[in-house]
Every structure is written in C-alpha cells, then in structure tokens.
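Biologist: I should be grateful for a close look at a single part of this protein. Please take the cysteines as the starting point and work outward from there.

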Amino acid sequence: DDANSSKYEAMGRMMAASVFCLCPAGDTCTTSRFVTTIAAGCIPVVLCDKLQGPFGSRAGSHLQPVPYESFWIKYPTADFVKRPAGLLEFLRAMSAAEIAHRQEALAANREQVLLQISGAQAGTRLLEDVADCVEVNAGMAHSFALRAA
C-alpha cells in the first residue's frame, strides 16, 4: 500500500545484485543502511571509523562479538573525504578470492544480525545485549553509591 514500495523493492533488488554496498554514517555510525546491506547479502563498505557493530562489542558483554571484520570493509573516513576515488580503486583491486571469503563470512553471520530470517538469533542477542547493559550499568551505579557513601 505504500506509494514508495516499488522504489524500495527496486533498491533491494539492486543491492542484492551488487557485490559491495556503501554504508556511510548517518546520525550515528550504525544506520539502517548497514543492516539493509547485510540483509541484501551485499558486502558492507563502512564509512565510519568508530563503528564496532551491534551485539557483544561493548566491554563487559558476555556475548561473543559478531566477526564483522571478516565480512565488512571499513574504509578510513578521512581517506574517503580526501579522495573518494581511492575507495573505488581499493575495491577494484580486491582479489576474487577475498571477495568470495567475505561473502561466505557474511552469509555465515547474517542470522547473528538480522531479525527476520530463518534461524535468526539477533532477537535473542538483542535481549542479551540489553541485559548485559543493565547489569553493567547496575554495577557501575552500585560502585558509585559505595564511593559516595
């Protein structure tokens, strides 16, 4: 029913047919573009130096971090701003074997990040991440209360 649905469907087909998808930062490093890229099976090309990726990346988390570095490409933001064509040259120079390795790693880890696919573990990981955050923050609040006393 959405008047823009055909535009989004076309974009999804284009992303699914692409090897690399650009994921620049938005208001924060983690944007819907990042998750949409993973859903499309396209190798994320991240333009945000501080992005660690969701789930288990915070200090004190009991979750195993998703091995984003095995499939994403993080291109230094300053290099991109200084010379955008350098990114294109970098991607074109990547070997077919490395691209295949990253695509395999992406496929193997999609269920760790996405909510709406068969075998998805992201919902559980999200709840566990929230629980970790609450536990860590409660511990910090307790430490602060002890120091203040």
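In particular, is Cys-23 buried or exposed, and what is its relative accessible area?

Modeller: The model is a predicted one, and the description that follows should be read in that light. Cys-23 is buried, because its relative accessible area is 3%, and the cut-off for that term is under 20%. Cys-23 does not take part in a disulfide in this model: the closest cysteine sulfur belongs to Cys-21 and lies 6.8 Å away, which is too far for a bond. A disulfide is here a pair of cysteine sulfur atoms within 2.5 Å.

Two disulfides are found in the whole structure. One of them joins Cys-21 and Cys-42, with the sulfur atoms 2.2 Å apart. This link is right-handed, with 105 degrees about the S-S bond. Cys-21 belongs to strand 1, whereas Cys-42 sits in the loop between helix 2 and strand 2, so the pair ties together parts that are 21 residues apart in sequence. Both Cys-21 and Cys-42 are buried.

The other disulfide connects Cys-29 with Cys-48, at an S to S distance of 1.8 Å. It links distant parts of the chain, since Cys-29 lies in the loop between strand 1 and helix 2 and Cys-48 in the loop between strand 2 and strand 3, 19 residues apart. Cys-48 counts as buried, because its relative accessibility is 11%. With bonded cysteines counted along the chain, the disulfides follow the pattern 1-3, 2-4.

Thr-37 leads from these cysteines to helix 2. This threonine is placed in helix 2 and, at 1% relative accessibility, counts as buried. Leaving aside residues up to four places away in sequence, Thr-37 touches Cys-21, Cys-23 and Cys-42, together with Met-15, Ile-43 and Pro-44. Thus Thr-37 is in contact with both partners of one disulfide and also with Cys-23.

Thr-37 is one of the buried residues of helix 2, which are Phe-34, Thr-37, Ile-38 and Ala-40. They cover an arc of only 160 degrees around the axis, and therefore lie on the same side of helix 2. The cover over these buried residues includes helix 1 (5–16), strand 1 (20–24), strand 2 and helix 5 (96–113). After helix 2 comes Gly-41, which has a positive phi, near 80 degrees.

Phe-34 also takes part in the aromatic pairs, of which there are five. Phe-34 and Tyr-68 form a tilted pair, with 5.7 Å centre to centre and 55 degrees between the planes. Phe-34 is in helix 2 (residues 32–40), while Tyr-68 is in the loop between strand 2 (43–47) and strand 3 (73–74), so the pair ties together parts that are 34 residues apart in sequence. Phe-34 and Tyr-68 are both buried. Ring pairs further link Phe-34 and Tyr-68 with Phe-71 and Trp-72 into a cluster.

To return to the residue of the request, Cys-23 is buried, its sulfur is too far from that of Cys-21 for a bond, and Thr-37 of helix 2 is among the residues in contact with it.

Key:
Residues are numbered from 1 along each chain as its sequence is written. This is a predicted model: local features need pLDDT of at least 70, side-chain atom pairs count only at pLDDT 80 or more; totals for chains, interfaces and linings use all residues. Side-chain values use heavy atoms; hydrogens and water are left out. Rings of Phe, Tyr and Trp (its six-membered ring) pair if their centres lie within 6.5 Å; planes under 30 degrees apart count as stacked, over 60 as edge-to-face and the rest as tilted. Helices (H or I, at least four residues) and strands (E, at least two) are DSSP runs, numbered from the N terminus. Buried means under 20% relative accessible area, exposed over 50%, partly exposed in between (1.4 Å probe, protein chains only). Contact means heavy atoms within 4.5 Å. The arc is that of the directions from the helix axis to the C-beta atoms.
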